[in-house]
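Here is a short tour of one protein chain, written to be read with the model open beside you. We will go from side-chain contacts to the sheet and then to a second buried residue.

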Amino acid sequence: MAAVEPLEICVKEATGAPGVLGDCPFCQRVILTIEEKHLPYETKLVNLSDKPQWFLEISPEGKVPVLKWGDKWVPDSDVITQLIEEKYPDPALVTPPEYLSVGSKIFSSFVKFLKSKDPNDGLEQALVDELKALDEHLKVHGPYIGGENVTAVDLSLGPKLYHLEIALGHFKSWTIPKDLVHVHNYVELLFSRESFVKTKVSKEYVIAGWAPKVNA
């Protein structure tokens, strides 16, 4: 089998920590996908608060992640993970189509609740409702969203749940309700995967990354 050229990917550098992987859940999703496919890769860390010129030339919008694909640089974690799946189909990470939207509103609900200054605005309940829906799904179809095996939807949701747990714990002393047993089991299962342990960032960088948004 021919050696695979390492994939080149630009990802966020940790706030105030040069040379350390930063707290972007979309970057982690792509690296997780590459790790689960057992592909070689090289990360280029980008300081997003002082974007270097070479980076703006390949990503004019200044967003990460971007992946080198042939002679082009491709943005957007959805597009990148799809390209990787098509070119490297083994092991398969394809999510059953009927489960693609499971958990899809959790991240936006989390961000709204995190930024909320009004305890009576219903945003906490909106997040709990989304987590309950995930719990119900996992109860019937788990342990992963698509069943026995991890798929793309888990690799997208896992980093977001990691941010949710750390940021809400730190800024709001909030935790996922204990009675959502299947969600707790799911989180434990995902966070203990070798690929996740290898690609997660330290809690302090997650907190530093969210602090400006919370205090805005």
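A polar contact is a pair of N or O atoms within 3.5 Å; within protein, one of the two must be able to donate a hydrogen and the other to accept it. Please keep in mind that this is a predicted model.

**Glu85 and its surroundings**

With that definition in hand, look at Glu85, whose side chain reaches the backbone nitrogen of Leu93 at 3.2 Å. Glu85 belongs to helix H3, which spans residues 77-87. Is Glu85 buried or exposed? Its relative accessibility is 13%, so Glu85 counts as buried, the cut-off for buried being under 20%. Setting aside neighbours within four places in sequence, Glu85 is in contact with Lys37, Ala92, Leu93 and Val94. Leu93 therefore appears twice in this picture, as a contact of Glu85 and as the residue whose backbone nitrogen the Glu85 side chain reaches, a pair that fits the polar-contact limit of 3.5 Å.

**The sheet**

Now turn to the strands. Four of them form an open sheet in the order S2-S1-S3-S4, with mixed pairing. Its edge strands are S2 and S4 (72-75), each of which pairs on one side only. On average, neighbouring strands of this sheet are turned by 25 degrees against each other, direction ignored.

Strand S1 covers residues 7-12 and is mostly covered, with five of its six residues buried. S1 runs parallel to S2 (residues 41-46), and six bridges join the two. From S1 the chain crosses through helix H1 (residues 25-36) to S2, a β-α-β crossover that is right-handed. With S3 (residues 66-69), S1 pairs in the antiparallel sense over two bridges.

The table lists residues of S1 with their partners.

| Residue in S1 | Partner | Strand of partner |
|---|---|---|
| Leu7 | Tyr41 | S2 |
| Glu8 | Glu42 | S2 |
| Cys10 | Val66 | S3 |

Helix H1 packs on the sheet, where it touches S1 and S2, and its direction makes about 150 degrees with that of S1.

**Thr199**

Next, find Thr199 in helix H8, residues 194-199. Thr199 counts as buried because its relative accessibility is 3%. Which residues does Thr199 touch, not counting those up to four places away in sequence? They are Leu21, Gln28, Ile31, Leu32 and Glu35.

One of these, Gln28, also shares a polar contact of 3.1 Å with Thr199, side chain to side chain. The Thr199 side chain reaches the backbone oxygen of Ser195 as well, at 2.8 Å. By contrast, Trp54 lies 25 Å from Thr199, C-alpha to C-alpha, and 145 residues away in sequence.

**The annotated span**

Finally, a word from the record. The unreviewed UniProt entry carries the annotation "domain: GST N-terminal" for residues 14-92. In the model, that span is 37% helix and 18% strand, and its end C-alpha atoms lie 31 Å apart.

Methods
Residues are numbered from 1 along each chain as its sequence is written. This is a predicted model: local features need pLDDT of at least 70, side-chain atom pairs count only at pLDDT 80 or more; totals for chains, interfaces and linings use all residues. Side-chain values use heavy atoms; hydrogens and water are left out. Buried means under 20% relative accessible area, exposed over 50%, partly exposed in between (1.4 Å probe, protein chains only). Helices (H or I, at least four residues) and strands (E, at least two) are DSSP runs, numbered from the N terminus. Two strands pair if DSSP finds at least two bridges between them. A crossover is right-handed if, with the strands pointing away from the viewer, the path from the first strand over the helix to the second runs clockwise. Axes are lines fitted to C-alpha atoms, for helices over the stretch in contact, and angles run from 0 to 180 degrees between N-to-C directions. Contact means heavy atoms within 4.5 Å. UniProt positions are given in the numbering used here, feature names are shortened, and annotations may be inferred rather than shown by experiment.
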